[in-house]
Amino acid sequence: MAKTIFKSLPEANLERRRNISFNFNYDEILIPEPLKDFAKGKKYWIHTYGCQANYRDEEIMAGILEKSGFCHANKEEDADLIILNTCAVRENAEQKVYGKIGNLKAYKLANKSAIVAVCGCMVQQAEVINHINHTYHHVDLIFGTHNILDLPTLLNEIITKKIKIVDVKSLPGDIHENLPSVRQSNFKAFVNISYGCDKFCTYCIVPYTRGKERSRKMDDILTECKELKDLGYKEVTLLGQNVNAYGKDLNDGSSFAKLLDEVAKLGIPRVRFLTSHPWDFSSDMIDVIAKHDNIMKYIHLPVQSGSDEILRLMGRRYTSEQYLKLVNEIKTKIPNIALSTDIIVGFPNETYEQFLDTLKIVREVKYWSAFTFIYSPRNNTPAAKIKDNVTPKEKNQRFQELVKTLEEVIGPINDSLVGKTFPVLVDSVSEKNDDMLSGYTEHNKLVHFKGDKSLIGQIVDVKIVDSHMYYLNGELINGQN
Ligand code: 5AD
Ligand code: SF4
């Protein structure tokens with residue numbers, strides 16, 4: 001069995017540090033010659049779990065691999081290199097990954113020279129690396145969220161020295177520009193505007209796995225967006241764990257409101273952004289969103305809980321009253337806004353009354369959609385140390401009750417869309433029916449309608465004919481815009 005070289009291991013206490021500077025790096029990524037020789041004719045496959053930041057990382061890894069000479073496999077079984085790009089935000093995300101790693105044992109037995117790698121947020125935890133090393137001997141490479149650009153060097157060492165490698169650094173994280181990238185869509189793109197998170201919500205592992213909050217320079221972001229516009233992209237989503245805090249660390253007057261205004265002025269048909277923390281949401285931002293028709297009138301504004309005491313224990317830095325005040329300002333200035341949210345039920349010791357406050361805020365805000373989660377303790381986070389007296393059964397019941405309340409709120413909103421016509425960016429052929437297309441409205445509602453697949457990537461008018469909880473059915477009105 002190949003020897004494992006431990007180049008670096010994550011350290012929770014280092015991941016907490018924030019008083020450390022980071023660098024901007026504009027250097028080109030260099031590919032070692034032996035790797036280029038090895039990669040000729042070889043194929044890669046990447047499985048990505050989790051959020052949009054991970055999807056963007058996949059595109060960058062694909063760019064690095066193609067620059068090294070690999071090409072994309074048509075199916076997983078054909079791949080010579082499989083990378084699992086993982087998520088650590090909840091335990092069930094991790095269980096899925098362990099299941100997948102287990103399944104890859106047979107693949108590795110059948111393809112002895114193949115390389116299996118695991119990267120992403122999950123392996124930023126020392127105990128996960130330990131578990132993988134002890135249980136899954138067919139994993140050749142484990143690398144962290146700060147090591148993506150080391151991929152060519154790491155692969156080169158694995159093939160030339162016939163070793164296994166673990167390299168997971170705990171860094172604040174640098175900012176690298178000019179990265180190679182293979183975008184998964186030629187009409188919708190994610191653009192990172194900032195990395196990491198400094199909010200340290202007490203339940204959340206992201207500030208530890210993704211490092212310090214750091215913003216890209218405004219000019220670099222605008223250059224990327226302009227390139228996408230020139231390539232004909234129809235939609236750009238600006239990405240950050242906390243987009244509203246954009247620019248605060250640059251100390252050059254940059255802010256998210258300014259950035260959003262400049263991106264909108266480029267004239268990309270659809271501009272979106274994800275995710276907004278209520279704490280940093282400024283009135284200037286609301287004005288910019290209201291001002292530009294091409295900024296989609298959809299804001300994902302995680303509330304997490306409606307109880308002030310739970311919000312305090314979560315470290316969210318706002319009360320339900322402050323949240324509602326913000327919602328009110330948004331709705332007053334942007335009357336056709338659709339709000340969506342994230343909600344956690346069953347935070348340690350949440351009482352039933354506190355849970356009812358969450359249902360209350362759901363009814364009051366009238367969300368257009370919501371992502372709902374049962375609290376999942378994450379190692380090394382402050383909330384995981386709290387002794388919890390809420391049983392799993394109670395948590396499940398609350399979860400069901402929350403889903404029911406959301407259905408009562410979202411159902412009438414969806415019904416009210418029937419008979420109206422909306423521009424829809426056509427995404428793909430519908431998963432269930434080859435004759436049907438799927439796309440999204442400005443408000444991020446999924447719509448299925450009959451049409452030719454040549455319309456994929458176009459914005460077309462669709463009249464809504466009936467509504468369901470998680471999608472709408474429509475009819476194409478006038479072909480293509
Ligand atoms: N348990 C449950 N949900 C969580 N989230 C983040 N951490 C946890 C956790 N430990 C949810 C939050 C966040 C979303 C991306 O995932 O709602 O907004
Ligand atoms: Fe996690 Fe809170 Fe940061 Fe969001 S804002 S990534 S929930 S710590």
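A polar contact is a pair of N or O atoms within 3.5 Å. In the predicted model described here, such a contact joins Ser376 to ligand 1, a backbone N or O atom of the residue lying 2.7 Å from a nitrogen atom of the ligand. A polar backbone atom of Tyr203 is 3.0 Å from a nitrogen atom of ligand 1. Arg90 contributes through its side chain, an N or O atom of which is 2.9 Å from an oxygen atom of the ligand. Of the 400 Å² of accessible area that ligand 1 has on its own, the protein covers 85%.

The surroundings of ligand 1 consist of Val89, Arg90, Tyr203, Gln304, Asp342, Ile344, Phe373, Ile374, Tyr375, Ser376 and Arg378. Two or more residues of this shell are given by each of the strands β16 (338-345) and β17 (369-374). Six residues of the shell are nonpolar, two are polar and three are charged.

Ligand 2 is surrounded by Cys197, Lys199, Phe200, Cys201, Tyr203, Cys204, Val206, Pro207, Gln241, His277 and Arg316. By class, this shell comprises seven nonpolar, two polar and two charged residues. Tyr203 thus appears in the list for ligand 2 and also in that for ligand 1. Phe200, another residue around ligand 2, is situated in the loop between β11 (194-195) and α7 (206-210). Although Phe200 is not a glycine, its phi is positive, at about 50 degrees.

A further backbone feature occurs at the peptide bond from Leu274 to Thr275, which is cis, with omega near -10 degrees. Thr275 belongs to the loop between β14 (270-274) and α10 (283-291).

Helix packing was examined for α12 and α13. Two packed helices are described by the angle between their axes and the distance between the axes. For helix α12 (residues 320-333) and helix α13 (residues 352-365), the angle is about 10 degrees and the axes are 11 Å apart. Angles under 35 degrees count as roughly parallel, and α12 and α13 are therefore roughly parallel to each other. On the side of α12, the contact is made by Ser320, Tyr323, Leu324, Val327 and Lys331; Ile361, Glu364 and Val365 take part from α13. The residues of this contact divide into five nonpolar, one polar and two charged.

Notes: Residues numbered from 1 in each chain as written. Chains lettered and ligands numbered in written order. Predicted model: local features only at pLDDT ≥ 70, side-chain atom pairs only at ≥ 80, totals over all residues. Heavy atoms only, no water. Near = heavy atom within 4 Å. Polar contact = N/O pair within 3.5 Å; in protein donor to acceptor, adjacent residues only side chain to side chain. Areas by Shrake-Rupley, 256 points an atom, 1.4 Å probe, with all protein chains shown as cover. Helix = DSSP H or I, 4+ residues; strand = E, 2+ residues; numbered from the N terminus. Nonpolar A, V, L, I, M, F, W, Y, C, P; charged D, E, K, R; others polar. Axes fitted to C-alpha atoms, helices over the stretch in contact; angles between N-to-C directions. Parallel < 35°, antiparallel > 145°, perpendicular 65-115°, else oblique. Contact = heavy atoms within 4.5 Å.
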